[in-house]
Amino acid sequence: MSDPARAARLGRYAVAGLFFLNGYVIGNWAPKIPETAQRLAITESQIGIILFAFGLGAIVGLPLAGVYISRNGSRFLSLFGAFLSSFILLALSLVPSFETAIVVGFCFGLFLGGMDVAMNANAVSVEKALARPIMSSSHGCWSFGGLFGAATGGWLIVNIGPTGQAIWVTVAGLAIWTACFFTTIEDRGDEPEGSGRKFRLPRQALVYVVGFVALMAMVPEGSVLDWAALYLIQERGADIATSGLAFAAFSLSMAIMRFFGDGLRTRFGPVALLRLSAVVAGIGMFAAALAPQPWLVIISFCISGFGMANLVPIALSTAGNLPGLKQGVGLSIVTTLAYSGYIFVPTIIGFIAEHTGFVPVYIGLASLFVIVFLLANITRHAGGD
């Protein structure tokens, strides 16, 4: 496009569409897991292996994407990952064995991990082009995509069958991909063309501190996803239907708050918003640990979701704007650290909870937000404000 301002505005909607697509596919993946287990007659431990392959694929894809983006920009990889991810549930519907399901799980994590870094890098480029933040609302689109996918995925499986659901997701994904294809903003890599430099981990300590902050934000989020329902059932006497409301309320509050995050960040700045968010998240998580009734626990998780909503988006904007560091490399490192906590740490938390119960666990998770609060000043590098 000849008009850079118009291209940036359209690029803002395109990257929001990519975030929504990423979340929508992941949301549909959740009800696909038990259906696949039943069809292939595999055990819970074998499901765990498939999920581990997914996590491993994501961890492999995240840094590889950073290397590619630093040399070539984020547009191609964002769109390529979106295209491939649209077919992954269809592939899972057609696998004939447990072994091939492991391969598909790994590829799913690889595609989505690479796309995750790329679309976040593209959002940073849009922020720079528009000179205002859009990262939080982009993550809000991801949250709503995940909620919509999870809410409709099971219904689709029941009403049109597992393969029908996968075909629907593929068609919907390709439709979103097509809509985004022509307007996704073009950006350039930070590495000079033909430089031939080999990838090296940066020596700047700041990027690892930002990654640590993102990790401290993502561990509680993953723990609510994996363990909140069991906590309500085992220690607060909730029934199965009520237990599912904890993560639903938490996710909805995060999604809503992310659409206010960009405006709040513009008004108050990233440091002040991160500190306030950490306080709200910590209070909500601490209250969830001590609340005696299931509905109070659910409200507390909802409050914590309001606080957690903008922590990771601010950290990622910071990673893409750190001085003296390539955008793709910074984002890949921070994203890898953050999502490793999201994928792997909840397993450790489950082991701890088995011996101590969930109350000490959630009190400990609340304390992580104290660290986020104390390190908030590093987010002064976040751009687009």
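Colleague: In what order do the elements of the protein run from the N terminus on?

Modeller: This is a predicted model. The secondary structure comes to 13 helices and 0 strands. From the N terminus on, the order is therefore α-α-α-α-α-α-α-α-α-α-α-α-α.

Colleague: What radius of gyration does the protein have, against that of a compact globule?

Modeller: The C-alpha trace spans about 60 × 50 × 35 Å along its principal axes. For 385 residues, a compact globule would come out near 21 Å. The protein agrees with that, at 20 Å.

Colleague: What percentage of the residues count as buried?

Modeller: Buried means under 20% relative accessible area. Out of 385 residues, the share that passes this cut-off is 55%.

Colleague: What share of the accessible surface belongs to carbon and sulfur atoms?

Modeller: The accessible surface of the protein totals about 16200 Å². Carbon and sulfur atoms hold 70%.

Colleague: What part of the contacts with a separation of 6 or more comes from residues 24 or more positions apart?

Modeller: Take the contacts with a separation of 6 or more. Then keep those between residues 24 or more positions apart. Their part is 86%.

Colleague: How far apart are the mean positions of the positive and negative charges?

Modeller: The protein has 21 positive and 18 negative charges. Each set has its own mean position, and the two lie apart by 11 Å.

Colleague: Which residues touch the most other members of the largest nonpolar core, and which helix gives the core its largest share?

Modeller: In soluble globular proteins, nonpolar side chains tend to be buried together. Here the largest nonpolar core holds 108 residues, and those touching the most other members are Met-285, Phe-301, Met-308, Tyr-362 and Leu-365. The largest share, 14 residues, comes from residues 98-130, helix α5.

Colleague: What does Leu-365 touch, leaving out residues up to four places away in sequence?

Modeller: Leu-365 is one of the residues with the most partners in the largest core. One of its contacts, Met-285, is another of those residues. The full list is Val-219, Pro-220, Ser-223, Met-285 and Ile-349.

Colleague: Is Ile-283 buried or exposed?

Modeller: Ile-283 sits in helix α9, residues 270-290. Its C-alpha is 35 Å from that of Val-60, with their places 223 residues apart in sequence. The relative accessible area of Ile-283 is 55%, and the cut-off for exposure is over 50%, so Ile-283 is exposed.

Colleague: What is phi of Ala-41, and where does Ala-41 lie?

Modeller: Most residues other than glycine have a negative phi. Ala-41 has a positive one, near 55 degrees. Ala-41 is exposed, at 66% relative accessible area. Its place is the loop between α1 (4-40) and α2 (44-72).

Colleague: And what is phi of Ala-131?

Modeller: Ala-131 is in the loop between α5 and α6 (135-181). At 54% relative accessibility, Ala-131 counts as exposed. Its phi is again positive for a residue other than glycine, near 60 degrees.

Colleague: How many residues of helix α11 are buried?

Modeller: Helix α11 covers residues 311-319 and is mostly covered. Its buried residues include Leu-311, Pro-313, Ser-317 and Thr-318. The count is 9 of 9.

Colleague: What separates the C-alpha atoms of Ser-317 and Gln-327?

Modeller: Ser-317 is found in helix α11. Its relative accessible area is 0%, so Ser-317 is buried. Gln-327 is 10 residues away along the chain, and the C-alpha separation is 9.7 Å.

Colleague: Which residues does Ser-136 touch, not counting those up to four places away in sequence?

Modeller: Ser-136 lies in helix α6. Ser-136 is buried, with 0% relative accessible area. One of its contacts, Pro-313, is among the buried residues of α11. The contacts are Arg-258, Gly-261, Asp-262, Asn-310 and Pro-313.

Colleague: Which residues is Gly-17 in contact with, leaving aside neighbours within four places in sequence?

Modeller: Gly-17 belongs to helix α1. At 15% relative accessibility it falls under the 20% cut-off, so Gly-17 counts as buried. Ala-179 is 162 residues away in sequence, yet the C-alpha atoms of Gly-17 and Ala-179 are 8.2 Å apart. The contacts of Gly-17 are Ile-176 and Cys-180.

Notes: Residues numbered from 1 in each chain as written. Predicted model: local features only at pLDDT ≥ 70, side-chain atom pairs only at ≥ 80, totals over all residues. Heavy atoms only, no water. Core = buried A, V, L, I, M, F, W, Y, C linked by side-chain atoms within 4.5 Å. Buried < 20%, exposed > 50% of the residue type's maximum accessible area, 1.4 Å probe, protein only. Helix = DSSP H or I, 4+ residues; strand = E, 2+ residues; numbered from the N terminus. Contact = heavy atoms within 4.5 Å. Rg over C-alpha atoms; globule rule 2.2 N^0.38 Å. Areas by Shrake-Rupley, 256 points an atom, 1.4 Å probe, with all protein chains shown as cover. Lys, Arg positive; Asp, Glu negative; His and termini not counted. Charge placed at Lys NZ, Arg CZ, Asp CG, Glu CD.
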